[in-house]
Structure formats: C-alpha cells, structure tokens
Amino acid sequence: MLKVTDLRGQTPTTSALRRVLPRGGVDVASVIHIVSPIIDAVKESGVGAALDYGEKFDGVRPDAVRVPAGVIEASVEQLDPKVKAGLEEAIRRIRAVHADQKPTGQTTQLAPGASVTEVFLPISRVGLYVPGGKAVYPSSVLMNAIPAQEAGVDSLVVCSPPQAEHDGWPHPSILAACAMLGVDEVWAVGGAQAVALMAYGDDEAQLEPVDKITGPGNIFVAAAKRVVNGVVGIDAEAGPSEIAVLADDSADPKFVALDLISQAEHDENAASVLITDSEEFARIVDAEIDRHAAETLNAERAATALGGAQSGIVLVDDLEAGIAVADAYAAEHLEIHTRNAAEVARRITHAGAIFVGPYSPVPLGDYIAGSNHVLPTSGTARFNPGLTTHTFLRPVNLIEYDETALKEVGQHIIALSEDEQLPAHGEAIKARTEEN
C-alpha cells in the first residue's frame with residue numbers, strides 16, 4: 001500500500017531530502033480569495049454575517065451565536081460515564097504537565113541600582129477553535145483551554161461549528177468538555193466566519209473580540225487565521241495530521257502498522273511515513289497495513305491517506321541516516337521504535353512531539369499522555385513549537401535604573417545615539433546626567 005523511497009547508498013543533503021521525502025500539506029494561499037470576503041463581511045456585519053455563512057456551509061442556523069448556559073450544563077449530564085471518566089483523567093494529566101510549564105520571572109542585577117526583570121504576563125482574552133467536521137474533538141477543548149487557564153488567561157471563548165442534529169449547537173461532547181473545565185462562553189460558529197468573529201467581535205451582540213486565536217482546523221480555518229494575523233495573534237496554520245515512525249528490525253511490525261493507520265484515519269490528506277534501515281521489516285509492516293487498514297471504521301479515508309503521495313516508506317542505510325531523514329522531515333508526531341529508543345530520541349532535533357518506545361504511541365499523546373496534541377505540521381516543527389502554556393504568556397521586561405546607574409552608562413548611550421544620527425536620544429540622557 002505504501003510507496004517506497006529508497007535512499008540506500010546515498011547521502012542526500014537537506015535540500016535534496018526536502019524534495020524527495022513524502023510530503024502532503026495543503027496550499028493555504030489557494031483559498032485566500034474565498035476566505036477574504038467572509039472575513040470582510042463578518043468584520044462589517046458581525047454576527048448576522050457569521051450566521052449567514054454558517055447556514056450556507058453547515059446547513060444550520062442556531063437560535064443564537066452564544067450557547068446558553070443551560071445547554072452547556074445539560075451536556076455533562078448526557079455524557080457517557082466512560083467518556084466522562086476519560087476526560088477527567090485527561091484533564092488531570094494535561095493540567096499537571098501544563099502547570100509545570102509556567103515559567104518564573106527573574107531579575108538580572110547589572111550594577112548597583114541597575115536591574116532588568118523579566119515577568120510573564122498572560123494574554124487577556126483568547127479564542128479557542130475546536131473543529132467539528134469529520135470527527136468530534138472534545139480532546140481539543142482540553143488541549144487549548146487548559147494551557148490558557150494555567151497561564152492565567154482570564155477570558156476564554158471556544159468556537160465550534162453548529163450541528164443540525166444537535167439543535168444547532170456544537171456537539172454535546174465538546175460542550176461537556178467546556179463545562180468540565182469551567183469554560184462558560186461558547187459560540188456556535190465554525191470555519192472562517194468563526195475566526196473573523198473572534199478577531200473583530202460584535203459590540204451590538206456583546207461579543208468581545210479576542211487577542212489571540214489558537215486551535216486546529218481545515219484549510220479554510222488556516223487561511224482565515226493567516227488573514228487576521230496581525231489584527232490578533234495566532235498559534236500556527238495547522239495542516240493535515242502526520243506521523244513518522246523511525247524503526248529498526250527490533251520493532252513490532254503490527255504496532256507500527258496500527259500507529260500509521262491511526263493517523264491516516266484523521267483525513268484523506270493525513271501523512272503516514274515509515275523510516276527504516278530494514279527492507280524486510282518494511283515489507284512486513286506494509287503487509288500488516290493491508291491486513292488491518294480495511295478493519296477500521298474510517299477504512300476508506302485511511303486507505304486514501306495511506307495511498308497518497310504524502311505517505312510512504314523511506315529506506316535508509318543505517319540508524320544515522322534514519323535520524324537525518326527524520327530531522328529533515330520534521331514530523332508533527334515522531335515515534336521511535338529502535339534499540340535504545342530513549343537514547344535515539346534525545347538525538348532528534350526536529351519534531352513536534354517525540355514518542356519513545358513501543359508503549360508510547362501517538363494516540364496516547366492525542367488524548368491522555370499529558371502533553372499537547374496541537375502540534376506543528378508540514379515540516380514547520382523545524383522552527384515552530386506545539387501549543388504550551390508559553391503560547392498564552394508574554395515575556396515583558398521591567399527596566400529600573402536609578403540616577404547613579406544611569407550616569408554610569410550615560411556617555412555610552414550618547415555616543416551610540418550620535419553614531420546613529422538620533423541626537424534627541426542623547427539629549428534625553430544629558431538632561432538627566434549632566435549639570436545644567
């Protein structure tokens with residue numbers, strides 16, 4: 001099922017690897033012309049335009065944008081007890097990890113009376129987008145809201161598409177997750193119109209705009225985030241889910257096959273890539289994929305993804321070459337199924353999240369490991385992090401010098417300002433440091 005890229009006997013450069021490795025992704029720029037009029041309409045007309053587009057794209061128009069408190073509260077009562085127990089444990093673990101991520105401030109004393117203190121201030125208001133298309137993602141509520149809460153964000157709004165089968169409100173599981181976290185502001189709006197409404201708000205409807213938007217979504221959501229970036233902050237433009245597995249012949253082929261399938265069922269454009277130095281192991285994994293892919297509920301979707309150009313097997317000469325390929329690919333999710341997996345994992349420099357050994361599969365991270373599943377895609381793990389508590393914090397410097405400390409460096413500032421032909425800078429210093 002998987003296409004093979006054979007790199008044995010070669011030492012490809014990073015440039016060459018970027019050209020030959022399986023890669024999917026979506027062309028966000030190709031839909032900007034579709035999304036921009038939606039953004040403009042919502043900016044101009046607010047809720048009315050957002051509901052109009054929701055009716056057009058989702059086939060439903062809720063009675064109001066803001067989900068009533070009673071609907072949110074009732075969703076918890078309707079929740080399957082097993083699902084509720086799973087969410088409770090996930091909340092506990094995710095909160096523990098993200099609480100520990102919060103940095104503490106520090107003060108650098110440069111001289112007597114001269115200090116710079118770094119403090120971390122939470123973003124005032126954030127909008128969290130939770131998809132509602134091919135699957136239901138209460139886990140995404142947790143992954144977005146908990147880091148924001150641990151950062152100290154006071155005001156949160158969750159946006160998720162209205163569902164015709166649920167009286168025009170978002171899916172009850174999403175609402176239940178919000179209720180369990182104490183998030184009481186939920187808007188029944190999805191797609192680009194949700195991004196626009198979060199960015200611009202609507203005074204008449206008493207919907208406050210946000211300062212930053214986070215969360216995954218389809219190509220139209222990604223394009224909308226690109227358009228409003230600068231009006232508000234964004235986390236990233238999420239692409240289709242992807243997994244890479246770095247494995248040798250010590251790995252369990254069934255485990256690897258099932259993990260590749262697990263990400264392929266997300267979306268027809270999802271990417272599943274095996275990197276190995278064993279041709280025989282690759283053959284067995286491919287056979288296991290053929291055997292098990294048809295058994296999943298989303299078999300057709302998974303088959304399309306696994307058979308696409310974005311998925312495949314990459315054969316390499318040895319582990320060293322495999323690590324180089326993994327780093328060049330920079331997977332959203334990277335699993336390590338090798339001898340000394342923990343040691344190998346420490347040598348990886350580019351990945352959204354690294355899953356170490358046979359009992360740390362990606363689905364663990366998707367739900368309950370405690371780590372975050374909102375991760376960089378399409379190779380952007382080379383320079384972008386996943387969602388963390390840091391996403392919702394702003395480092396700010398407090399600069400405090402007394403008169404003596406300023407006089408100590410005053411001549412340096414004056415010299416530099418004159419060199420840059422900004423003499424007024426120097427005059428501001430002279431007024432404080434020179435006798436009149």
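Which backbone nitrogen lies 3.0 Å from a polar atom of the side chain of N218? It is the backbone nitrogen of V221. The close-up views below are taken from a predicted model.

**View 1. The positions listed as a binding site.** UniProt, in an unreviewed entry, lists Y129, Q193 and N218 under "binding site". These positions are spread over 90 residues of sequence, yet they cluster in space, with a largest C-alpha distance of 12.7 Å.

**View 2. N218 and its loop.** N218 sits in the loop that runs between β7 (212-214) and α9 (219-228). The relative accessible area of N218 is 45%, and because this value falls between 20% and 50%, the residue counts as partly exposed. A polar atom of the N218 side chain lies 3.0 Å from the backbone nitrogen of V221.

**View 3. Q193 in helix α8.** Q193 belongs to helix α8, which covers residues 191-200. Its relative accessibility is 2%, so Q193 counts as buried, the cut-off being under 20%. Leaving aside residues up to four places away in sequence, Q193 touches I38, V42, A50, Y53, G54, F57 and D58. The side chain of Q193 also has a polar atom 2.9 Å from the backbone oxygen of G190.

**View 4. The second largest cavity.** The structure holds 2 cavities of 30 Å³ or more, and the second largest has a volume of about 30 Å³. Its lining is made up of A50, L51, G54, D58, V60, P62, P162, A188, V189 and G190. Helix α3 (residues 47-58) gives the most to this lining, with 4 residues. Among the lining residues are A50, G54 and D58, which are also among the residues that Q193 touches. G190 is another lining residue, and the backbone oxygen of G190 is the one that lies 2.9 Å from a polar atom of the Q193 side chain.

**View 5. The two sides of helix α17.** Helix α17 spans residues 423-433, and its buried residues are G426, I429 and T433. Seen down the axis of α17, these residues fall within an arc of 60°, so they line one face of the helix. The buried residues pack against α16 (403-419). The face turned away from this buried side carries the exposed residues A424, A431 and R432.

Conventions
Residues are numbered from 1 along each chain as its sequence is written. This is a predicted model: local features need pLDDT of at least 70, side-chain atom pairs count only at pLDDT 80 or more; totals for chains, interfaces and linings use all residues. Side-chain values use heavy atoms; hydrogens and water are left out. UniProt positions are given in the numbering used here, feature names are shortened, and annotations may be inferred rather than shown by experiment. Buried means under 20% relative accessible area, exposed over 50%, partly exposed in between (1.4 Å probe, protein chains only). Contact means heavy atoms within 4.5 Å. A polar contact is a pair of N or O atoms within 3.5 Å; within protein, one must be able to donate a hydrogen and the other to accept it, and residues adjacent in sequence count only if both atoms are side-chain atoms. The arc is that of the directions from the helix axis to the C-beta atoms. On a 1 Å grid over the protein atoms alone, a cavity is a set of points where a 1.4 Å probe fits but cannot get out, and a pocket is an open set with protein on both sides within 12 Å along at least five of seven lines; lining residues have an atom within 4 Å of a point. Grid points are joined across faces, edges and corners, and a volume is the space filled by probe spheres set on the points.
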